[in-house]
Amino acid sequence: MSELRPYAAVRPGISEMLARDVSGWAQGAFICGLDLARYRARRVEALLLDERGALHDLDRQVIDSFVSGGLVVRLPDIAEEQAARRGDRIADAVARIGGSWGFIVGFAIVLVAWVTLNLSSWLAKPFDPYPFILLNLVLSTVAALQAPVIMMSQRRQEAKDRARAENDYRINLKAELEVRQLHEKIDHQITAQWHRLAELQQIQIELLEERLGERK
């Protein structure tokens, strides 16, 4: 009996679903926690279907978490992050260095030094005279190698951002369901309290009528 929930403790929306499926569901009936959780999931799923028309995998994950009371956020897999391939870590490092002011300033200094050495008379025989064919080859090679490496790092960052966005969606949806559940619970309690007050008022009226009848 400690695991059963009375009829009065079930919210109206779920109670209507139970009444359609169970013929004996009425005042004085009880339902176990497992069946109540199952009907709660059906109720939440029906509400989301009415609003959105279709349910995605994220929606079903949130519904399962909402019913079970577990965490809805997927924590990052630290072991997987630590086991990232060496190439991925190198790509992140190249993207981090290549997108910094230090790289821009350092590369500009190298270019100026390269051009100055080959145009000045400091070297008896310049290793890359004008029009700097070797410099053009070096720049083309750096750009050809750096671009795909940066794209690899951006792809990993996009996957992380997608995971964060999915977590935000799960949190927002579960918060919305929790707030809706609180509203339904408060409305249910207010309605039940109103019925009790009305019943008490009716009893008081009957007592007053009986006393007035006795005096007469």
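These are my notebook entries on a predicted model of one chain.

**Confidence.** I began with the pLDDT values. The chain averages 76, and 81% of the residues score at least 70. I then looked up where confidence is lowest and where it is highest. The low end is helix H4, residues 78-82, with a mean of 53. The high end is helix H6, residues 101-119, at 89. I kept one caution in mind: where pLDDT is low, the predicted coordinates should not be read in detail.

**Secondary structure.** I found 7 helices and 2 strands in the chain. I read their order along the sequence as β-α-β-α-α-α-α-α-α.

**Burial and surface.** I looked up what share of the 216 residues is buried, and it is 19%. For the exposed surface of the chain I noted about 16100 Å². Carbon and sulfur atoms supply 60% of that area.

**Contacts along the sequence.** I took the contacts in the chain with a separation of 6 or more. Of these, 60% are between residues 24 or more positions apart.

**Ser 153.** I picked one residue to follow up. I located Ser 153 in helix H7, which runs over residues 133-215. Is Ser 153 buried or exposed? I entered Ser 153 as buried because its relative accessibility is 11%, and the cut-off for buried is under 20%. Which residues does Ser 153 touch, not counting those up to four places away in sequence? I listed Ala 91, Asp 92 and Ala 95.

Methods
Residues numbered from 1 in each chain as written. Predicted model: local features only at pLDDT ≥ 70, side-chain atom pairs only at ≥ 80, totals over all residues. Heavy atoms only, no water. pLDDT = per-residue confidence, 0-100. Helix = DSSP H or I, 4+ residues; strand = E, 2+ residues; numbered from the N terminus. Buried < 20%, exposed > 50% of the residue type's maximum accessible area, 1.4 Å probe, protein only. Contact = heavy atoms within 4.5 Å. Areas by Shrake-Rupley, 256 points an atom, 1.4 Å probe, with all protein chains shown as cover.
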